[in-house]
Amino acid sequence: MADDPQSPMGDLHPYAERFGVIDAFPEKGRPRQEVLRELQEIARQEDSFWQTGQCSGTMYCGDTEHYAFLNDVCSLYSHVNALQRDICPSATRFEGEIAAMALDLMHASAAVGEGPDAKPCGSVTSGGTESIITAVLMYRDKFRSERGISEPEMILPTTAHPAFEKGAHLFGVKVVHVPVDPESTLVEVDRVREQINDNTIMIVGSAGNYPYGTIDPIEALSDLALERDVALHVDGCLGGFILPWGEQLGYEIPVFDFRLAGVTSISADTHKYGFGLKGTSVLLCRDRALRRHQYFATPEWPGGKYNSPGIAGSRSGGLLASAWASMVSLGREGYLRYAKAIFETSFEMQEVVKSHPELKLMGKPTFCFSFSSDRFDIYHVNDFMKERGWRFNGQQYPNAIHMCVTRPQTRPGVVERFAEDLAPAVKYALDPPNETPISAAIYGGVPTEVPGIQEMVKGALFKYLDSCQDLPPGHGD
Ligand SMILES: Cc1ncc(COP(=O)(O)O)c(C=O)c1O
């Protein structure tokens, strides 16, 4: 399936024929210029897809000048190992200042208390998943040492990112899922309350969640966290670097940060709406004692007194430098300007969706919106739009598709193209040539009542992951 160019997953090996397949260590090196030319050709081809503005999320800045600037910055430090601070104190500057800027955005001053530890702080990780799994580790160890909880549980809205489950899987935490309200798409706080018990270490809310871009009732979750004395992690990986600008611009964005006393940690991705290069995120903690639970040190190793602040060991100084450079080169003024265009574009696109009575917006979205239909399987719309060069992200339970609006959509003509293509897509979906949409096979929900079906799907996903890392069939066997 994965090697079939017609597969909805795409062709995993489109370069095999053009450039050959390297299945053994090359005896001789190739001239640098030749290597560079080959890679430029591939990169140009791949960039041309999202540069149309028809691709949801993933390319948050999309500004080639900004990327070139960040790559220049990165190249100054990309060979530097941020673990070895004696030879790169620059990394300490970058990391401390990235965290300070993010803390400022999240109103951390509201959380400063008495004593040296009662001060918010942060760390830089490799991405949203690492920030989240680090938070799970922190809370597991905090509550193990402070309350002796040996069978920890976390309560997750069904819309929370799978990174929490991954953290739970890695660190032995039980996941208790609570459903979201089907209309608002937000977690029901009373359902969270019902699930809290003596083993609960953390509850979670998203600002906003990946499926629908909607923002959980963080204020009510914060009150609940205080009432039941559990941690509250706010997942701002997606929204953390855009929603605060939306609030300043006067959009209806509820408070989700350290202004709420029950919020104990926040993740926010510099490699998403922070417009940095891929490979950085921040994890912010309400106090310094909490951050210490992610540290690791082993003083007895023959190789020296090893210590590292999080999951990773060696890290590239280049990525830290480029995240820092993105933030200081844009400043509040630059981020506000970009955010204004993103919010305006998203609301214009949402109006286009609303103009079709057959389509239904999910909840009350802002920069990222999802839509579904009660009339037909929305993946028929997706099939048609795919043919017109659109790439949405697919949801299930219920089937829906989302557009996470980023800067490439703010270019002139993209909203108009969306309107022009969506109208015939709706017509197509009302009378499709085949009953089952092609893309539903991959992205749509499977019938949960069929015994063992999710295990079968998991098996297929594992096979896909194998294919993503292997040579094309017939090579290297
Ligand atoms: C809400 C949310 N949380 C966490 C993540 C995980 O981030 P990453 O893919 O950088 O690991 C994402 C990714 O899209 C997300 O949307």
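# Notebook: His-380, helix α3, the ligand shell and some backbone outliers

I began with His-380 and, setting aside its neighbours within four places in sequence, I listed its contacts as Tyr-428, Ala-429, Pro-432, Asn-434, Glu-435, Thr-436 and Pro-437. I keep in mind throughout that this is a predicted model. The residue sits in helix α12, which runs over residues 378–387. Is His-380 buried or exposed? I found a relative accessible area of 3% for His-380, and because buried means under 20%, I entered His-380 as buried. Looking for polar partners, I noted that the side chain of His-380 reaches the backbone oxygen of Glu-435 at 3.0 Å, and Glu-435 is also one of the residues in the contact list above. I then took the distance to Leu-319, which is 61 residues away along the chain, and the C-alpha atoms of Leu-319 and His-380 turned out to be separated by 40 Å.

**Helix α3**

I next checked the length of helix α3, residues 64–77, where 14 residues at 1.5 Å a residue should span 20 Å, and the C-alpha atoms at its ends are indeed 20 Å apart, so the expected and modelled spans agree. Which residues of α3 are buried? I recorded His-66, Tyr-67, Leu-70, Val-73 and Cys-74. These residues cover an arc of only 125 degrees around the axis, and therefore they lie on the same side of α3. On the face turned away from that buried side I found the exposed residues Thr-64, Glu-65, Asp-72 and Leu-76. The cover over the buried residues of α3 includes α2 (32–50) and α11 (317–354). At the start of α3, I noted that a side-chain oxygen of Asp-63 comes to within 2.9 Å of the backbone nitrogen of Glu-65.

**Ligand shell**

I turned to the ligand and counted 13 residues around it, of which Gly-128, Thr-129, Asp-235, His-271 and Lys-272 come nearest. Which helix gives the most residues to this shell? I found that helix α5 (residues 128–147) does, with 3 residues. For the polar distances, I entered 3.0 Å between a backbone N or O atom of Gly-128 and an oxygen atom of the ligand, 2.5 Å between an N or O atom in the side chain of Thr-129 and a ligand oxygen, and 3.4 Å between an N or O atom in the side chain of Asp-269 and a ligand oxygen. Taken alone, the ligand exposes 390 Å², and the protein buries 84% of that area.

**Backbone outliers**

I looked for cis peptide bonds and noted one from Ala-207 to Gly-208, with omega near -10 degrees, where Gly-208 lies in the loop between β4 (200–206) and α8 (218–228). Another cis peptide bond joins Tyr-397 and Pro-398, with omega of about 5 degrees, and Pro-398 belongs to the loop between β12 (393–395) and β13 (400–404).

I also looked for positive phi values in residues other than glycine, and Thr-58 has one near 60 degrees. Thr-58 is placed in the loop between α2 and α3, and I entered Thr-58 as partly exposed at 31% relative accessibility. His-107, likewise not a glycine, has a positive phi of about 55 degrees. Where is His-107 placed? I located His-107 in the loop between α4 (89–105) and β1 (121–125), and its relative accessible area of 31% makes His-107 partly exposed.

Conventions:
Residues numbered from 1 in each chain as written. Predicted model: local features only at pLDDT ≥ 70, side-chain atom pairs only at ≥ 80, totals over all residues. Heavy atoms only, no water. Helix = DSSP H or I, 4+ residues; strand = E, 2+ residues; numbered from the N terminus. Expected span 1.5 Å × (residues − 1). Buried < 20%, exposed > 50% of the residue type's maximum accessible area, 1.4 Å probe, protein only. Arc of directions from axis to C-beta. Contact = heavy atoms within 4.5 Å. Polar contact = N/O pair within 3.5 Å; in protein donor to acceptor, adjacent residues only side chain to side chain. Near = heavy atom within 4 Å. Areas by Shrake-Rupley, 256 points an atom, 1.4 Å probe, with all protein chains shown as cover.
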